[in-house]
Amino acid sequence: MPKQKNAIPDWVKASKERDKKMREKFNQDKRHLHDSLLGNGVSMVKVHFDGAGDSGQIEDIVYYREDGHGNSLKFENEAELKLIEDSEVKSLKIEKATLSSKGYHRTEKHPTLRELVEEVCYGALETHHGGWEINEGSYGEFTILPVKETITLTFHERYVSENTSEETF
């Protein structure tokens, strides 16, 4: 009888390799994001997300700057904010998928600052809370502080609770 190959170790190895690549990309994107935010004078970014019913999205991105007196002021014109270009950032690409009558098409493109914020936030959700948009879903907020080089995620998971009892009298 021929010896069968066990596919589980191959799957586990592939999964670990994928996770490693995702972490490396996340860390690279995060570094570029912090540099670009600092280069634009951004002191804080608030990113709100919401997902349920197998669909989720970033709802809002708000950029803040310090006014010199310890107060945070909103940037009124997001279009002023640009990705800071250096030799590493020029090679930075994000993958975009589009759906047409012929199926999915994946393309890579150089991101805008907003797209890089979204890429980092979606990457963090996928890595730390995979399935965040499924069923009742979840919602929350990222707080990005480029000076501290931190991203804090406040995550609220929704769930349905059911309590059933049956009594015969």
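Is F49 buried or exposed? Select it to start the tour: F49 has a relative accessible area of 2%, so it is buried (under 20% counts as buried, over 50% as exposed, in between as partly exposed, with a 1.4 Å probe and protein chains only).

Before moving on, note that this is a predicted model, where local features need pLDDT of at least 70, side-chain atom pairs count only at pLDDT 80 or more, and totals for chains, interfaces and linings use all residues. Residues are numbered from 1 along each chain as its sequence is written, and side-chain values use heavy atoms, leaving out hydrogens and water.

**The ring partner.** Add F142 to your selection; at 1% relative accessibility, F142 is buried too. The ring centres of F49 and F142 are 5.6 Å apart with planes at 45 degrees, so this pair is tilted (centres within 6.5 Å make a pair; planes under 30 degrees apart are stacked, over 60 edge-to-face, the rest tilted). F49 sits in strand β1 and F142 in strand β6, 93 residues apart (strands are DSSP E runs of at least two residues, helices H or I runs of at least four, numbered from the N terminus).

**The cluster.** Now show Y122, W132 and F155 as well: ring pairs link them with F49 and F142 into a cluster.

**The sheet.** Switch to cartoon and follow β3-β2-β1-β6-β7, an open, antiparallel sheet of five strands (pairing takes at least two DSSP bridges). Its edge strands are β3 (72–74) and β7 (150–157). Next, select β1 (residues 44–52) and β2 (residues 55–66), which are joined by nine bridges. One to look for is A52, whose bridge partner in β2 is S55.

Note on methods. Rings of Phe, Tyr and Trp (its six-membered ring) pair if their centres lie within 6.5 Å; planes under 30 degrees apart count as stacked, over 60 as edge-to-face and the rest as tilted.
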